[in-house]
Amino acid sequence: MAAFKILLVLSLAVIYSNGQAAEKDNLLTAPEYIIPCSRSDPDLDNCIKSSFNHLRPYLARGLPDLDIPPVEPLYVDKLLMENNAGPVRVTAAFTNITVLGPSNYTVNKVRSDLQKLRMDIAFSLPRIELSGLYEVSGQVLLFPVRSRGDFWAVFGDVVAIAKIYGKEFERDGVRYMSVDRLLADFKLKTSRFKVRDTVNHGSVIGEAMNQFLNNNAAEIIEEMKPAASIAISKFFKTFLNSAFSKIPINVWLTA
């Protein structure tokens, strides 16, 4: 979750000032946290990658001029996911989420096609820690599950990629980009997950199910990954569209 939010915040900041651009003949100067790039640069993808990585300490503190709060820690109000296939069929809601470690990202590769408003970004994080509230209902194998309470999770060696598909629209004679589609995928090398169940706490069935979920965390995460990717993509598509609506295309798509 955090992994894709930090990625999309980075995309906004880099796109916002890929170089010196003009909106209605007003010259914009790139701030210190931006390494300007030009779309005519034959090595544009590596320039964008360097810009992403240059942003790291600035994003940790926040970027007030872009209305981006500090990302360390990162706060997420709510994420919903649902999985209706396979042995794990559950609906899960995670709320009041606090994320530690997103500012330690490294962007490893960028592949862009700015003529089509396309960008693929691959990045990694050594460790992400999350805590908050959860509510889960459904079925795991043959066992019905209903659980609610506090959760804590640590994911190690996270590798992720986001595919952003943009399209153009016009407002008041000015061209903007919106995110038409956003596809996300990720892999976790290690994971640990703990819950404090306030529904089944103290019952034999509740404790047994809690133990099962923790002992099989990696398998359950893998089973839930398609649903998690859809939920992450939907959440950050809305986030990005809100941000891009403030930035005309001719500000960030320069010659």
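Six helices and eight strands make up the fold of this protein chain, and the model you are looking at is a predicted one. Reading along the sequence, the elements come in the order α-β-β-α-α-β-β-β-β-β-β-α-α-α. The chain has 255 residues, of which 45% count as buried. Its exposed surface is about 13,100 Å², with carbon and sulfur atoms supplying 53% of that area. Contacts reach across the sequence as well: among those between residues at least 6 apart, 68% join residues at least 24 apart.

## The β7 and β8 hairpin

A good place to start is the pairing of β7 with strand β8, which covers residues 174–197. The two run antiparallel and are joined by 22 bridges. Two of the facing positions are easy to find in the viewer. Isoleucine 161 has aspartate 185 in β8 as its bridge partner, and lysine 167 stands opposite serine 178, also in β8. The hairpin leaves two residues between the strands, and aspartate 172 takes a positive phi near 55 degrees there.

## Aromatic pairs

How should one describe two rings side by side? A pair of aromatic rings is described by the distance of the centres and the angle of the planes. The count of aromatic pairs comes to two. The table sets them next to each other.

| Pair | Centre to centre | Angle between planes | Arrangement |
|---|---|---|---|
| Phenylalanine 94 and phenylalanine 151 | 5.3 Å | 75 degrees | edge-to-face |
| Phenylalanine 169 and tyrosine 176 | 5.7 Å | 20 degrees | stacked |

The pair of phenylalanine 94 and phenylalanine 151 links distant parts of the chain, since its members are 57 residues apart. Phenylalanine 94 belongs to strand β4 (residues 88–100), while phenylalanine 151 belongs to strand β7 (residues 143–171). Are these two rings buried or exposed? Phenylalanine 94 has a relative accessible area of 12%, so it counts as buried. Phenylalanine 151 is buried too, because its relative accessible area is 5%.

In the stacked pair, the two residues fall into separate classes. Phenylalanine 169 is partly exposed, because its relative accessibility is 29%. Tyrosine 176, at 9% relative accessibility, counts as buried.

## Arginines over tyrosine rings

Tyrosine 176 has a further partner: the charged end of arginine 171 sits over its ring, 4.2 Å from the centre. The ring of tyrosine 105 has a charge over it as well, with the charged end of arginine 56 at 5.6 Å from the ring centre.

Arginine 56 comes up again around serine 103. This serine is placed in the loop between β4 and β5 (106–113), and its relative accessible area of 11% makes it buried. Which residues does serine 103 touch, leaving aside its neighbours within four places in sequence? The contacts are Arg56, Ala60, Val71 and Glu72.

## Helix α5 and residues far along the chain

Two residues of helix α5 deserve a look. Proline 226 is placed in this helix, which spans residues 217–244, and glutamate 223 lies in helix α5 too. Proline 226 is at 48% relative accessibility, so it counts as partly exposed. Glutamate 223 is also partly exposed, because its relative accessible area is 26%.

Each of them can be placed against a residue from another part of the sequence. For proline 226 that residue is methionine 81: the two are 145 residues apart along the chain, and their C-alpha atoms are separated by 9.4 Å. For glutamate 223 it is arginine 89, which is 134 residues apart along the chain, with a C-alpha separation of 9.1 Å.

## A buried position in β6

To finish, turn to isoleucine 128, which is found in strand β6 (residues 118–140). Is this residue buried or exposed? Isoleucine 128 is at 3% relative accessibility, so it counts as buried. Its C-alpha atom and that of aspartate 157 are separated by 8.6 Å, with the two residues 29 apart along the chain.

Definitions and conventions: Residues numbered from 1 in each chain as written. Predicted model: local features only at pLDDT ≥ 70, side-chain atom pairs only at ≥ 80, totals over all residues. Heavy atoms only, no water. Phe/Tyr/Trp six-rings, centres within 6.5 Å; stacked < 30°, edge-to-face > 60°. Helix = DSSP H or I, 4+ residues; strand = E, 2+ residues; numbered from the N terminus. Buried < 20%, exposed > 50% of the residue type's maximum accessible area, 1.4 Å probe, protein only. Lys NZ or Arg CZ within 6 Å of the ring centre and 35° of its normal. Contact = heavy atoms within 4.5 Å. Areas by Shrake-Rupley, 256 points an atom, 1.4 Å probe, with all protein chains shown as cover. Pairing = 2+ DSSP bridges.
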